[in-house]
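Q: Could you take me on a close look at one part of this model, the strand that lines the pocket and its surroundings? I would enjoy one connected account.

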Amino acid sequence: AILAEAQSTSNGHDLIFATSAASATPTEAMRIDASGRLNMMSSAGASPVLYHGNDLTSTSPSTNLSFGNEQNGALLIYTNSSEAMRIDASGNVGIGTSTPSAKLEVNGGGTATSGGTLVVRQDGDTNADGIALTSSNATSHRFWKDATGKLNVGPSNLPSALVQDLSGNVGIGTSLPSETLAVESASNNAILLNSPANRYNA
């Protein structure tokens with residue numbers, strides 16, 4: 001059904017669309033208000049909004065397309081009947097989580113944390129579960145944490161080339177650094193210090 005508001009020169013006029021079951025009183029499902037905004041599921045306009053304009057409160061013509069929630073709630077995106085992403089009332093974005101604790105939180109199933117601008121929760125404890133950084137080169141670099149909590153960095157064919165454990169020890173060529181810096185090499189010199197005048201190997 002399409003409903004009409006009482007005509008008056010003292011207020012704007014909305015175009016209202018309503019639906020109902022058989023023999024029931026139509027209930028508003030959507031309206032186009034006097035500003036040209038498309039409001040869904042609300043008679044007051046404080047609702048999910050699709051609007052051609054500068055923002056949700058502007059009535060000035062614009063090339064922008066704005067959509068959002070005028071209430072103190074979240075903007076949700078669903079796929080296959082399940083929530084896939086949300087922007088909460090504070091502006092935090094969550095993918096795979098309905099309670100993002102950072103400006104962007106991606107949840108693959110790992111342990112929750114607090115703080116940080118970007119939070120990535122791994123789905124598992126291998127290099128395939130972390131972050132892959134790619135370029136035009138076929139080999140990507142991985143940033144990931146293992147089951148013991150160590151941070152691992154390296155190319156996909158050597159994903160633990162550099163390791164930092166939870167005590168702050170850093171390992172290069174070893175995943176078990178026992179000192180502040182542990183450098184190991186099975187074949188070549190482990191450390192090279194080079195300057196125009198001197199070259200030192202260790």
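A: Happy to. Let's begin with the term we need: a salt bridge is a side-chain nitrogen of Lys or Arg within 4 Å of a carboxyl oxygen of Asp or Glu. Please keep in mind throughout that this is a predicted model.

With that rule in hand, look at R121 and E105, whose side chains meet in a salt bridge with an N to O distance of 2.9 Å. This pair links distant parts of the chain, since R121 sits in strand β11 and E105 in strand β10, 16 residues apart. Both R121 and E105 are buried. In general, side chains of opposite charge can pair when their charged atoms come close.

Strand β11 is a good place to stay for a while. V120 also belongs to strand β11, and V120 counts as partly exposed because its relative accessibility is 38%, between the limits of 20% and 50%. V120 is one of the residues of a nonpolar patch on the surface, together with I95, L104, V106, L118, I131, L133 and F143. Together these residues have about 620 Å² of accessible area. Which elements give two or more residues to the nonpolar patch? They are β10 (104–107), β11 (118–121) and β12 (131–133). The two strands joined by the R121 and E105 salt bridge, β11 and β10, are thus also among the contributors to this patch.

Now turn to the largest pocket, which has a volume of about 470 Å³. There are 18 lining residues, and the closest to the centre of the pocket are T111, V120, R121, Q122 and K145. Here the two residues we have just met come back: V120 from the nonpolar patch and R121 from the salt bridge with E105 are both in that central group. Which strand gives the most to the lining of the largest pocket? It is β11, with four residues. β11 and β13 (141–145) each supply at least two residues of the lining. As for its chemical character, the lining has eight nonpolar, six polar and four charged residues.

How many salt bridges does the rule give in the model? The count comes to three, so with the 4 Å limit in mind we can visit the other two. K150 forms one with D146, and their closest N and O atoms are 3.6 Å apart. K150 counts as buried because its relative accessibility is 12%, under the 20% limit. D146 is buried too, as its relative accessible area is 15%.

The remaining salt bridge takes us to E83 and R86, whose side chains meet at 2.7 Å, N to O. Are these two residues buried or partly exposed? E83 counts as partly exposed because its relative accessibility is 27%, whereas R86 is buried, with a relative accessible area of 16%. The 20% limit falls between these two values, which is why the partners get separate labels.

E83 is found in strand β8 (residues 82–87). Its C-alpha atom is separated by 7.8 Å from that of G96, although E83 and G96 are 13 residues apart along the chain. I87 is placed in strand β8 as well, and I87 is partly exposed because its relative accessibility is 34%. I87 and S98 are 11 residues apart in sequence, with their C-alpha atoms 8.9 Å apart in space.

Leading into strand β8, there is a backbone detail to check. S81 has a positive phi of about 70° although it is not a glycine, and its place is in the loop between β7 (75–79) and β8. S81 is exposed, with a relative accessible area of 73%. S23 likewise has a positive phi, of about 65°, and is not a glycine. S23 is found in the loop between β2 (15–19) and β3 (27–32), and S23 counts as exposed because its relative accessibility is 85%, over the 50% limit.

To come back to where we started: β11 holds R121, the buried partner of E105, and also V120, a partly exposed member of the nonpolar patch. Both V120 and R121 are among the residues closest to the centre of the largest pocket, and β11 gives the most to its lining.

Technical notes: Residues numbered from 1 in each chain as written. Predicted model: local features only at pLDDT ≥ 70, side-chain atom pairs only at ≥ 80, totals over all residues. Heavy atoms only, no water. Patch = residues over 30% accessible without salt bridge, like charges linked within 9 Å, V, L, I, M, F, W, Y side chains within 5 Å. Areas by Shrake-Rupley, 256 points an atom, 1.4 Å probe, with all protein chains shown as cover. Buried < 20%, exposed > 50% of the residue type's maximum accessible area, 1.4 Å probe, protein only. 1 Å grid on protein atoms, 1.4 Å probe; cavity = no way out; pocket = protein on both sides within 12 Å on 5 of 7 lines; lining within 4 Å. Points joined across faces, edges and corners; volume = space filled by probe spheres on them. Nonpolar A, V, L, I, M, F, W, Y, C, P; charged D, E, K, R; others polar.
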